[in-house]
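This report describes a single protein chain for a reader who has not met it before. The sequence and the structure are shown first.

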Amino acid sequence: MNQNSSVRILFLGDIVGKPGRALILSQLPEIRERFHLDLILANGENAASDKGSGITAAIAHELHAAGILAITLGNHTWGQKEFLNEIDSVPFVCRPANFAASAPGASWVELPFCGKRLGVACFLGQASMRILTDSSPFRAASELLEQHPEIDSWIFDFHAETTAEKIAMGWHLNGRVLAVMGTNTHVQSNDAQVLDGGTAYMTDLGMCGPHRSIIGHKIEARLPSFLQSLPPRAEVASEDVQLRGCLIEADPINLKAQSAKAFRWPLPE
Ligand SMILES: [Fe+2]
């Protein structure tokens with residue numbers, strides 16, 4: 001907690017492959033100290049993208065040990081087939097809450113925070129996502145709130161492709177949760193804000209990974225799919241590795257957001 005009694009939360013965008021993980025592991029201690037962080041969260045659904053996509057339990061443990069207390073996922077949740085059998089061994093990781101209830105893994109994570117109970121969950125959008133969810137993310141979000149009145153507040157990751165669907169989710173949850181953070185596009189949006197009900201909102205956090213790339217992949221591996229109608233090759237790029245996310249200040253008494261700002265590391269000049 002900093003001097004003016006705000007708490008500070010950093011939510012990092014999609015961690016892409018080994019370059020993203022390595023920068024997080026090396027820089028998080030300095031970032032935590034410099035920004036007086038009380039809580040760090042991240043979307044990890046591309047953390048194993050050196051192997052294609054998804055995440056593994058070993059990688060999740062590595063990120064958790066580095067200080068990321070809850071990890072959210074998305075459409076690449078099952079990118080690593082073995083993760084189907086591993087997800088129940090990493091209770092600090094949640095798969096989209098609007099997957100079928102029978103799907104393996106936790107649909108939300110509870111964290112102690114400021115002497116209160118904070119819930120963290122993610123939802124998968126339906127527009128242009130090419131994956132079938134079990135229910136509307138809007139309905140699933142409302143149901144999660146209704147089913148857990150014991151939870152004091154929530155931070156939600158909305159993993160979705162289109163801006164309108166994400167903005168709609170922000171207004172749907174305005175005043176009902178601490179934050180709605182968009183992920184999935186890997187491109188940071190310029191609209192971090194606190195909605196009038198005290199909900200921090202950002203359409204997309206951006207990615208933690210190589211920025212001289214096409215959303216994290218080598219340019220020479222992805223460009224041919226657009227030029228020559230060839231299948232895309234998912235090869236993680238390596239240059240210009242940076243972190244992106246959202247820095248939120250909140251009131252520790254009522255868990256309402258006070259400010260939300262785009263986070264970039266290294267710091268912009
Ligand atoms: Fe995604």
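The text below goes from the whole chain to its core, one helix, one hairpin and some backbone details.

**Overall build**

The model is predicted. Its chain contains 6 helices and 14 strands. With a radius of gyration of 17 Å, close to the 18 Å that the globule rule gives for 269 residues, the chain is as compact as a globular protein of that length. Along the principal axes, the C-alpha atoms fill a box of roughly 55 × 45 × 35 Å. Buried residues make up 46% of the 269 in the chain. Among contacts with a separation of 6 or more, 65% link residues that are 24 or more positions apart.

**The nonpolar core**

The largest nonpolar core consists of 72 residues. Phe-11, Ile-155, Phe-156, Ala-179 and Cys-246 have the most contacts inside this core. Strand β7, residues 116–124, supplies the largest share of the core, with 6 residues.

Phe-156 shows which parts of the sequence meet there. If its neighbours within four places in sequence are left aside, Phe-156 is in contact with Ala-121, Cys-122 and Phe-123, with Ala-141 and Leu-173, and with Val-177, Ala-179 and Val-180.

**Helix α5**

Helix α5 covers residues 163–173, and its buried residues are Lys-166, Met-169, Gly-170 and Leu-173. These residues lie on the same side of α5, because they cover an arc of only 105° around the axis. Which elements do the buried residues of α5 pack against? They pack against helix α4 (137–147) and against the strands β8 (153–159), β9 (179–183), β10 (193–195) and β11 (199–202). Just after α5, Gly-175 has a positive phi of about 85°.

**The hairpin of β6 and β7**

Strand β6, residues 109–113, runs antiparallel to β7 and is joined to it by 5 bridges. Within this pair, Pro-112 stands opposite Arg-117 of β7. The hairpin has 2 residues between its strands, and Cys-114 lies in that loop. For a distance across the model, Pro-112 can be set against Leu-223, a residue of helix α6 (residues 219–227). The two residues are 111 residues apart along the chain, and their C-alpha atoms are separated by 45 Å.

**Backbone details**

Two residues other than glycine with a positive phi are His-36 and Cys-114. The table gives their places and values.

| Residue | Place | Phi | C-beta atoms within 10 Å |
|---|---|---|---|
| His-36 | loop between α1 (17–34) and β3 (39–43) | about 50° | 13 |
| Cys-114 | loop between β6 and β7 | near 55° | 17 |

Are these residues buried or exposed? A residue is buried if 20 or more other C-beta atoms lie within 10 Å of its own, exposed if 12 or fewer, and partly exposed in between. His-36, with 13 such neighbours, therefore counts as partly exposed. Cys-114 has 17 and so is partly exposed too. Leu-223 in helix α6 is also partly exposed, because 14 other C-beta atoms lie within 10 Å.

A further detail is found in the segment after β14 (257–265), where Pro-266 lies. The peptide bond from Trp-265 to Pro-266 is cis, and its omega is near 0°.

Definitions and conventions:
Residues numbered from 1 in each chain as written. Predicted model: local features only at pLDDT ≥ 70, side-chain atom pairs only at ≥ 80, totals over all residues. Helix = DSSP H or I, 4+ residues; strand = E, 2+ residues; numbered from the N terminus. Rg over C-alpha atoms; globule rule 2.2 N^0.38 Å. Contact = placed C-beta atoms within 7 Å. Arc of directions from axis to C-beta. Core = buried A, V, L, I, M, F, W, Y, C linked by C-beta atoms within 7 Å. Pairing = 2+ DSSP bridges.
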